[in-house]
Amino acid sequence: MKKVVVITGASSGIGEASAKMLAKDYQLVLAARSEDKLQSTVEEIKKLGGEAQYKVTDVSQNDQVEALAKFALDTYGQIDVWINNAGIMPQAWMKEKKVKEWDAMIDVNIKGTLYGIGAALPGMREKKSGQIINIASDLAFSVHPGGVVYSATKYATRAISEGLRQEVAADRDNIRVTAIYPGVVDTNIINTISDVAMKQQVEKFKEAVGAIAPERVALAIKNAIEMPEDTGLNDIVLRSINQA
Ligand code: NJP
């Protein structure tokens, strides 16, 4: 039986590219808030002979993430890989005090990842196999002015991934944990920045380094899944060759 893979944030960027890359060899459940985009990606995958379903999900709501896991289990009977990819990056300087954006980043990037782990882990522990893949960022290793809260959420994702890895290893749960740390990727995430000056700054940086295609990150995800089961590809950093 083909492995069942749940992907959050599958309506664009890295999530969508991953869905399309994995579609041939896996059974997919795609999640995000934009139903129209999920629907068209699922149709495209089915036309090419792949198997995919979608469930509209806001990852900042634990009940919706639990419902996503239930949907995957009801549809396919198991969850083999859960990819916590949904994320937002409304960067802004601290002095601007964009409290709503701080809350939203914490809710989506940190709580959304925790809720995904919470929803997927019990079934994986029971069947003694599975894989959790968290999409962090190279900003899980460094911080710059304007990127403070986003970095904080990605440092948290890194800590959560490493801590989870240690726990499931100690319990011999046979569950692999992978954290992926991309540099600048050519996706729509820049549109979550509300501050005009900040958005221009990030656009300039993106152009200067030559953002990598989201398919590059999808390939890293595929490699992590396809590594033999006794080995976890735990931490993957990938960047444009021009990103210093
Ligand atoms: O961004 P984008 P990426 N509930 O905007 C979804 C990380 N990353 O592919 O809900 C559920 O194209 C949203 O869907 P929708 C980044 O931090 C990126 O670049 O319909 N889903 C969409 O499908 C993030 O963790 C770069 O609006 C929610 C998806 O998330 C991951 O890569 C660099 C949601 C975002 O797609 C994917 O981002 C880096 C919610 N509440 C790390 N809110 C980069 N692009 O440069 C949003 O280091 N989504």
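Which ligand atom does a polar side-chain atom of Asp58 lie 2.9 Å from? The legends below take this up in a predicted model.

**View 1. Asp58 beside the ligand.** The partner is a nitrogen atom of the ligand. A polar side-chain atom of Asp58 lies 2.9 Å from this nitrogen.

**View 2. Ser34 and Asn85 at ligand oxygen atoms.** Ser34 brings a polar side-chain atom to 2.4 Å from an oxygen atom of the ligand. Asn85 uses its backbone: a polar atom there is 2.8 Å from an oxygen atom of the ligand.

**View 3. The surroundings of the ligand.** On its own, the ligand has 890 Å² of accessible area, and the protein covers 93% of that. Around the ligand are 30 residues. Those that come nearest are Ser12, Ser34, Tyr150, Pro182 and Thr187. Ser34 is also the residue with the 2.4 Å side-chain approach.

**View 4. Helix α3 packed with helix α4.** Helix α3 covers residues 62-76, and helix α4 covers residues 99-127. Their axes are 9 Å apart, at an angle of about 35°. The crossing of α3 past α4 is right-handed.

**View 5. Residues in the contact of α3 with α4.** From α3 come Asn62, Val65, Glu66 and Ala69. From α4 come Tyr115, Gly116, Gly118 and Ala119. Four of the contact residues are nonpolar, three are polar and one is charged.

Definitions and conventions
Residues numbered from 1 in each chain as written. Predicted model: local features only at pLDDT ≥ 70, side-chain atom pairs only at ≥ 80, totals over all residues. Heavy atoms only, no water. Axes fitted to C-alpha atoms, helices over the stretch in contact; angles between N-to-C directions. Helix = DSSP H or I, 4+ residues; strand = E, 2+ residues; numbered from the N terminus. Left-handed = near helix turned anticlockwise from the far one by under 90°. Contact = heavy atoms within 4.5 Å. Nonpolar A, V, L, I, M, F, W, Y, C, P; charged D, E, K, R; others polar. Near = heavy atom within 4 Å. Polar contact = N/O pair within 3.5 Å; in protein donor to acceptor, adjacent residues only side chain to side chain. Areas by Shrake-Rupley, 256 points an atom, 1.4 Å probe, with all protein chains shown as cover.
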